[in-house]
Amino acid sequence: MKSAVKLLIVSFLTVASLEGAPASKNEATSIAVDGMNLSDFIKLVAKVSNKNIFLTEEVGGKISYAGNKPIRREELFTLLQSTLEARGMTMIDTGGGYYSIVKSADASSMNLPFLKKTDIPQMQTEILDLKFAGADAMAVKMKNFSSKNGKVIPSKESNSLIVTDLPANIKTMQQLKKVLDVRDETTANYAHVIQLKNADAKSLVTTLSTIISKMVLSPGQQPPSITSDDSTNSIIIISSDDLYKTLLPTIEGLDGERQQVYVKAKIIEISENKAKEVGVKYGLSGGVSGSSGLFTFNSLLGDGKTGAINIDPTLLAKLSIPSITAGVALGANVSLLNKQGAANVLSEPSILCINNQESSIYVGKTESISSGTTLSGTGLSQSSYTRQDIGLTLKIKPRLSNDNKVLLAVETRLEDIEPNTNAQLPSTTKREVKTSAIVNNGESVIIGGLIKDKYDNSGSKIPLLGDIPLLGSLFRDTATSHDKINLVIILTPYILDKSTDLSTLRTQLEELDNIQQKYIDNVITSVTKGE
């Protein structure tokens, strides 16, 4: 060939097809060009594909292509598009029966196909919906894989990407979306709901907030947000999966079943004078109160007057209380004083406390006490009253140690109305003791020091003569006795590892009460026989 342009076309198509006869898009063509003008190559593609291609302006440049194997008719368009793309041009389907070659920068503003396939690999628009990744961040990443004139527009409202590009680039971005649009367990925040079994939700939120404030976070991580739902006793944690997994063992540990302490209380009044009388007879002392508010019984019960306390070893093994014998002896002391009139058991309340949490007992009543008298506009006097609690308030806060001991923080307050005071404006008294004691499981702590004086007036006279006016006083005798009434509170804690242990403990304590009663009956019988 004399021309500088050498064109070699070897086709499986017939010559007639090259002249315009329709050809199947699956048929293959072998093509090789060397230095062909781009405009001539466009005409060649139009001839082979039997399509109309419109050039809006002259397209310059030459093309060379060495084809070693046949290519399908569709791939001719891909080859043409690649050639045009390198020159800032692209081919689009106008929808009017022809293709138009335009500048790539102008293509996105034209009527491009939307969410559908086209006959040629032209620019089109796709919507990439995102599930986990943010649209803005994903748009920055996708832009690196778009063509020079392709567009990636983030939509925050729908969390999606509007992509305008060639099909090959769009396909690449679709594959990238599958890889990049995944749940980021390190930085992405999600809501986690935990329904607590034992712990209080509001208190646990306070504890966790303190822990979170001291956590060291990785770059990109946000501190967890925690709130509580009191109606379901649940906590809601908004955090990444990684931080949630970090907090979960702490939450499970704090939500474990907490040990409890069953505190059996006995509130008694002991007459000092009568206790001394009983003590002389049975060899015990009513008690001694120390400066700390703790109270002790000095007992000689069982010292040669009755046999030792006989407790079934099986019961001892069940309770695992080292001081159980001393506890029964203490109960016997109180029971003996009560039977002999030296003690008055006012109340025997019991309270179940959670470890390291304060509980309280109130025994008493609410009185209406006059707070004064005022004059109304009509000149009539009007009294006003206030309601005041009169009685015993007992607050207990147990704290367990690892060696089967209990630290009892105890606060006792006794309020009463002074006798022989004005009923309208009575005087009230308040006696208060705060103390702490470490006791073994099942060992009793005795709180005293709440003492009040009691005065009794008694008189005697000679019959008839004592009734004579004026002179009768010579035949009458009056005496005033003074006694001290000590209010004593006996607290005995029992450690419960599980809430189901409570019913078992109560049954065992009933057995101990029976043993105690048999013991005190033996003491009384022994003393009575020796009289």
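## The S8-S10-S9 sheet

In what order do the strands of the open sheet with S8, S9 and S10 sit? Reading across this predicted model, the order is S8-S10-S9, and the pairing is antiparallel. That puts S8 (124-129) and S9 (151-155) at the edges, where each pairs on one side only. Going from one strand to the next, the twist averages 20°.

Let's look at one of those pairings. S8 lines up with S10 (residues 160-165) in the antiparallel sense, and six bridges link the two. If you want a spot to find on screen, look for Glu 126, which stands opposite Val 163 in S10.

## Two helices across the sheet

Now add the helices. H5 (residues 135-143) lies across S9 and S10, and its direction is at about 170° to S9. H6 (residues 167-180) lies across S8, S9 and S10, running at about 5° to S8.

## How H5 meets H6

When two helices pack together, people describe them by the angle between their axes and the distance between those axes. Here, the axes of H5 and H6 come within 11 Å and cross at roughly 135°. Angles over 145 degrees would count as roughly antiparallel, and 65 to 115 as roughly perpendicular; H5 and H6 are therefore oblique to each other. As for handedness, the crossing of H5 past H6 is right-handed.

Which residues of H5 and H6 meet? From H5 come Met 138, Lys 141 and Met 142, and they meet Met 173, Leu 176, Lys 177 and Leu 180 of H6. Sort the residues of this contact by type and you get five nonpolar, two charged and no polar.

## The S11-S13-S12 sheet

Further along the chain numbering is an open sheet of three strands in the order S11-S13-S12, with antiparallel pairing. S11 (190-195) and S12 (225-229) are its edge strands, and each has a single partner strand, so one side of each has no neighbour in the sheet. On average, neighbouring strands here are turned by 20° against each other, direction ignored.

S11 pairs with S13 (residues 234-239) in the antiparallel sense, over six bridges. To find this pairing on screen, look for Tyr 190, which stands opposite Ser 239 in S13. A helix packs on this sheet too: H7 (residues 201-213) touches S12 and S13, and its direction makes about 175° with that of S12.

Technical notes
Residues numbered from 1 in each chain as written. Predicted model: local features only at pLDDT ≥ 70, side-chain atom pairs only at ≥ 80, totals over all residues. Heavy atoms only, no water. Pairing = 2+ DSSP bridges. Helix = DSSP H or I, 4+ residues; strand = E, 2+ residues; numbered from the N terminus. Axes fitted to C-alpha atoms, helices over the stretch in contact; angles between N-to-C directions. Contact = heavy atoms within 4.5 Å. Parallel < 35°, antiparallel > 145°, perpendicular 65-115°, else oblique. Left-handed = near helix turned anticlockwise from the far one by under 90°. Nonpolar A, V, L, I, M, F, W, Y, C, P; charged D, E, K, R; others polar.
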